[in-house]
Amino acid sequence: MTIKVEKLDAPLGAEIHGLDIRAISGEDAKALNAALMQHHVIVLRDQKPTDQQLVDFGKSFGDIKKSRFVSPLSGHDQIMVISNIREDGKPLGQLPDGEMWFHIDQIYTPQPCKGAALHAIEIPSEGGDTCFANAVLAFETLPEATKKRLDGLTAQHSFQYGATTTDAKKNDDRPRFSHPLVRRIPETGKRAIAICRLMTDRINELPENESRALIDELCDHVENPRFVYQHKWRIGDILVWDNRCTSHARTDFSESERRLMKRVTIADDLAPIA
Ligand SMILES: [Fe+2]
């Protein structure tokens, strides 16, 4: 297939035209990876993969991680189901409800994922948008003095899986890990700010008040609308994002409407985050 990459009118992202993910060639995969490296998020419309086809598509970008929970809405152990659909009041998928603050997937683990592909199957009539912040552009636009200040700093991140707000931080058993505050992307040499409002607890080298102030300042900066693309989902959309160059958030939506998304998670096979 001949694919066309059209940059979105946004601070990041590109739409891919002319591709059915059920039949992609090695050349297509190369072009998709190049587009992802350049634009950090790629959007494909009107896709109808089976679960296995979604997994196979994800393999174009790297190894696929197993899901922590296998949902009855899929049954495939490499598909993470994100949904508010319930049976006897119990959610059948993960991250069922409402707003999620900006976060970097798995940043609280030693080796966060490289990215993910998310397929929209059922969506609410309003809300449930996914917002992506360009952490590379956010770094590049910092004043030189701030860039120097960040040099050598590390931040600790934590998260209780399944929680959707910082209420999770009340639980001390949560998994946590520290990473450099600025990371370098091996393929491109670009640098990105690795911080997020939902998961970053503290900057290890600073006293608490300075740490909190810098986290707030950097989160406000990264989340500035001039760095953010807000994706309004259509059924059949697949979004692939580079988790090293972006953070993402979800807008609120009505609990009375069904939302069903399926995700594959791409392992980072290149290097630890440091
Ligand atoms: Fe996420």
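In what order do the three strands of the open sheet come? In this predicted model, the order is β11-β10-β14, and the pairing is antiparallel. That leaves β11 and β14 as the edge strands, each pairing on one side only. Going from one strand to the next, the twist averages 25°.

Let's look at one of those pairings. Strands β10 and β11 run antiparallel and are joined by five bridges. One residue pair to find on screen is S158 with R176, its bridge partner in β11.

Here are the three strands of the sheet with their residue ranges:

| Strand | Residues |
|---|---|
| β10 | 154-158 |
| β11 | 176-180 |
| β14 | 200-203 |

Now for helix α5, which covers residues 208-222. Its 15 residues reach 21 Å from the first C-alpha to the last, close to the 21 Å expected at 1.5 Å a residue.

Which residues of α5 are buried? They are L214, I215, L218, C219 and V222. These buried residues sit on the same side of α5, because they cover an arc of only 130° around the axis. The general rule behind such spacing is that an α-helix has 3.6 residues a turn, so residues three or four places apart point the same way. Over on the other side of α5, you'll find N209, E210, D216, E217 and D220 exposed.

And what do the buried residues of α5 pack against? Edge strand β14 is one of the partners, so to speak the link back to our sheet. The others are β7 (100-103), β9 (130-134), α3 (135-140), β13 (191-193) and β17 (246-250).

Key: Residues numbered from 1 in each chain as written. Predicted model: local features only at pLDDT ≥ 70, side-chain atom pairs only at ≥ 80, totals over all residues. Pairing = 2+ DSSP bridges. Helix = DSSP H or I, 4+ residues; strand = E, 2+ residues; numbered from the N terminus. Axes fitted to C-alpha atoms, helices over the stretch in contact; angles between N-to-C directions. Expected span 1.5 Å × (residues − 1). Buried ≥ 20, exposed ≤ 12 C-beta atoms within 10 Å, placed from the backbone. Arc of directions from axis to C-beta. Contact = placed C-beta atoms within 7 Å.
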